[in-house]
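Open the structure in your viewer and keep the selection panel at hand. The tour goes stop by stop.

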Amino acid sequence: MTSRITGAGGEGVWIRRAVARDAKRLTRLVRSSRAYEGPYAAMVADYRVGPDYIETHEVYVAVGAHERLLGFYALLLAPPELDLMFVADDAQGLGIGRLLIAHMTDRARTAGLDRVRIVSHPPAEGFYRSVGALRTGTARANPPAVMWDRPELEIPIS
């Protein structure tokens, strides 16, 4: 399934299912994200989005001209959860995150889900709330993997 959408910056954006050969680019996007600088850096320093993960889960990429990676998300179906969502630093503010969330909610609806759980990176909570997510609680820190509490949210799927 490939969708062509025009992003807020006027660039043509295609959302397509990720394939195994995307794994290295997705890993680089995660590890280089400015959202995970400073105290958050340790969480993604060794993170890897492997081909097996891409083949097992619903992973979709947003690409621009010449297959430029703009962002991606991973939707787990059971239990329903937005496991990963990243937008490239140079694509922030262009509406890519909103396009990915809209695509994810369409996929969730097609899969028969009524809600999708999100355990958010703390600085991203405002974004998720702006696209309709509701705060449901707090996921407690789980050292050594995650050293801080994270907002737990849910996006209702209508």
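What follows is a walk through a predicted model, with a selection to make at each stop.

**Stop 1: the aromatic pairs**

Show the aromatic side chains. The structure holds six aromatic pairs. Begin with Y40 and W148, an edge-to-face pair. Their centres are 4.6 Å apart, with 80° between the planes. Now trace the chain from one ring to the other. Y40 sits in the loop between α1 (23-32) and α2 (41-44). W148 is in the loop between β7 (134-139) and β8 (150-156). The two are 108 residues apart, so the pair links distant parts of the chain. Turn on the surface as well: Y40 is buried, and so is W148.

Next, select F127 and Y128. Their ring centres are 5.3 Å apart and their planes stand at 65°. Why is this pair called edge-to-face? The angle is the reason: planes over 60 degrees apart count as edge-to-face, so the 65° of F127 and Y128 qualifies. The two neighbours differ in exposure. F127 is partly exposed, at 25% relative accessible area, whereas Y128 is buried, at 8%.

Widen the selection to Y36, Y40, F72, F86 and W148. Together these form one aromatic cluster.

**Stop 2: the largest pocket**

Keep Y36, F86 and Y128 on screen, and add M85 and H121. Of the residues that line the largest pocket, these five lie nearest its centre. The pocket has a volume of about 830 Å³, and its lining counts 35 residues.

Which elements supply at least two residues each of the lining? Colour α2, β5 (80-87), α4 (96-110), β6 (115-119) and α5 (125-130) to see them. β5 gives the most, with seven residues. Now colour the lining by class. There are 23 nonpolar residues, seven polar and five charged.

**Stop 3: the nonpolar core**

Select L26, F72, L82 and I96. These residues have the most contacts inside the largest nonpolar core, which has 48 residues. Then highlight strand β4 (residues 69-77). It gives the most to this core, with seven residues.

Centre the view on L82. What does L82 touch, leaving aside its neighbours within four places in sequence? Its contacts are Y73, A74, I101, M104, V116, R117, I118 and Y128. Y128 was met earlier, in the pair with F127.

**Stop 4: A18**

Go to the loop between β2 (12-17) and α1, the place of A18. Is A18 buried or exposed? A18 is buried, because its relative accessible area is 6% and the limit for buried is under 20%. Beyond its neighbours within four places in sequence, A18 is in contact with L26, I54, V59, Y60 and V61. L26 also belongs to the core residues shown at the previous stop. Draw a distance from A18 to Y73 next. The two are 55 residues apart in sequence, yet 9.4 Å apart in space, C-alpha to C-alpha.

**Stop 5: backbone details**

Switch to a backbone view. Most residues other than glycine have a negative phi, and most peptide bonds are trans. The next selections depart from that.

Select A78 and P79. A cis peptide bond joins them, with omega about -10°. P79 lies in the loop between β4 and β5.

Move to the loop between β3 (58-63) and β4, where H66 lies. Phi of H66 is near 60°, a positive value in a residue other than glycine. E67 is found in the loop between β3 and β4 too. E67 also has a positive phi, about 60°, although it is not a glycine. Now compare their exposure. H66 counts as exposed, at 82% relative accessibility. E67 is partly exposed, at 38%.

**Stop 6: D90**

End in the loop between β5 and α4, the place of D90. D90 is exposed, with a relative accessible area of 56%. Draw one last distance, from D90 to E152. Their C-alpha atoms are separated by 27 Å, with their positions 62 residues apart along the chain.

Note on methods: Residues numbered from 1 in each chain as written. Predicted model: local features only at pLDDT ≥ 70, side-chain atom pairs only at ≥ 80, totals over all residues. Heavy atoms only, no water. Phe/Tyr/Trp six-rings, centres within 6.5 Å; stacked < 30°, edge-to-face > 60°. Helix = DSSP H or I, 4+ residues; strand = E, 2+ residues; numbered from the N terminus. Buried < 20%, exposed > 50% of the residue type's maximum accessible area, 1.4 Å probe, protein only. 1 Å grid on protein atoms, 1.4 Å probe; cavity = no way out; pocket = protein on both sides within 12 Å on 5 of 7 lines; lining within 4 Å. Points joined across faces, edges and corners; volume = space filled by probe spheres on them. Nonpolar A, V, L, I, M, F, W, Y, C, P; charged D, E, K, R; others polar. Core = buried A, V, L, I, M, F, W, Y, C linked by side-chain atoms within 4.5 Å. Contact = heavy atoms within 4.5 Å.
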